[in-house]
Amino acid sequence: MREEFELELENRIKNLIWTVSGDYTLDVKPDIESYHRSHAVGLYDGIKQGAFARYFNREELSLYLMKKIYLHGEEGPL
């Protein structure tokens, strides 16, 4: 019974992430533990993951951070 509840909860959070991101092929791993600690935190995390996937390109962000941190790039040219 508990395992079934966990799977249903994971599926609901995945649906939230997919709906926010608009990408139903997105491979995500929801944080069920944070949901158990606080429902609001779990839902916020799902919305945050979906919005990040929709509005940010991970590769471009990684490249920006690499330049910023390791090459001491200034914000203007980046």
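## A walk through the helices and their salt bridges

Let's start at Gly22, which sits in the loop between helix 1 and helix 2. Helices here are DSSP runs of H or I with at least four residues, and strands are runs of E with at least two, numbered from the N terminus. Gly22 is partly exposed, at a relative accessible area of 47%; on this scale buried means under 20%, exposed means over 50%, and partly exposed is in between (1.4 Å probe, protein chains only). From the C-alpha atom of Gly22 to that of Lys48, 26 residues away along the chain, is 13 Å.

A word on what you're looking at: this is a predicted model, where local features need pLDDT of at least 70, side-chain atom pairs count only at pLDDT 80 or more, and totals for chains, interfaces and linings use all residues. Residues are numbered from 1 along each chain as its sequence is written, and side-chain values use heavy atoms, with hydrogens and water left out.

Now for the core. The largest nonpolar core has seven residues: Leu9, Ile13, Ile17, Trp18, Val28, Ile32 and Tyr35. Helix 1 (2-21) and helix 2 (32-37) each put in at least two of them, and helix 1 gives the most, with four. To count as such a core, buried Ala, Val, Leu, Ile, Met, Phe, Trp, Tyr and Cys residues have to be joined through side-chain atoms within 4.5 Å. Pick out Val28 and set aside its neighbours within four places in sequence: Val28 is then in contact with Lys14, Ile17, Trp18 and Gln49, where contact means heavy atoms within 4.5 Å.

Next, look at how helix 1 meets helix 3 (residues 39-55). These two pack at an angle of about 35°, with their axes 7 Å apart. The axes are lines fitted to C-alpha atoms, for helices over the stretch in contact, and angles run from 0 to 180 degrees between N-to-C directions. On the helix 1 side, the contact is made by Leu16, Ile17, Val20 and Ser21; on the helix 3 side, by Leu43, Gly46, Ile47, Gln49, Gly50, Ala51, Ala53 and Arg54.

On to the charges. Side chains of opposite charge can pair when their charged atoms come close. There are five salt bridges in the structure, each being a side-chain nitrogen of Lys or Arg within 4 Å of a carboxyl oxygen of Asp or Glu. One of them joins Glu6 and Arg2, at 3.6 Å from N to O. Glu6 and Arg2 are four residues apart in helix 1, so about one helical turn separates them. Arg2 is exposed, with a relative accessible area of 57%.

Further along, Lys14 and Glu10 meet in a salt bridge at 3.5 Å, N to O. Again, because they are four residues apart in helix 1, Lys14 and Glu10 are separated by about one helical turn. Glu10 is buried, at 17% relative accessible area.

Over in helix 3, the side chains of Lys48 and Asp45 form a salt bridge of 3.2 Å, N to O. Lys48 and Asp45 are three residues apart in that helix, so they too are separated by about one helical turn. Lys48 is partly exposed at 42%, whereas Asp45 counts as buried at 15%. Salt bridges that share partners also join Glu10, Lys14 and Lys29 into one network.

Finally, the chain's start: Met1 lies in the segment before helix 1 and is exposed, with a relative accessible area of 85%. Its C-alpha atom is 49 Å from that of Tyr70, 69 residues along the chain.
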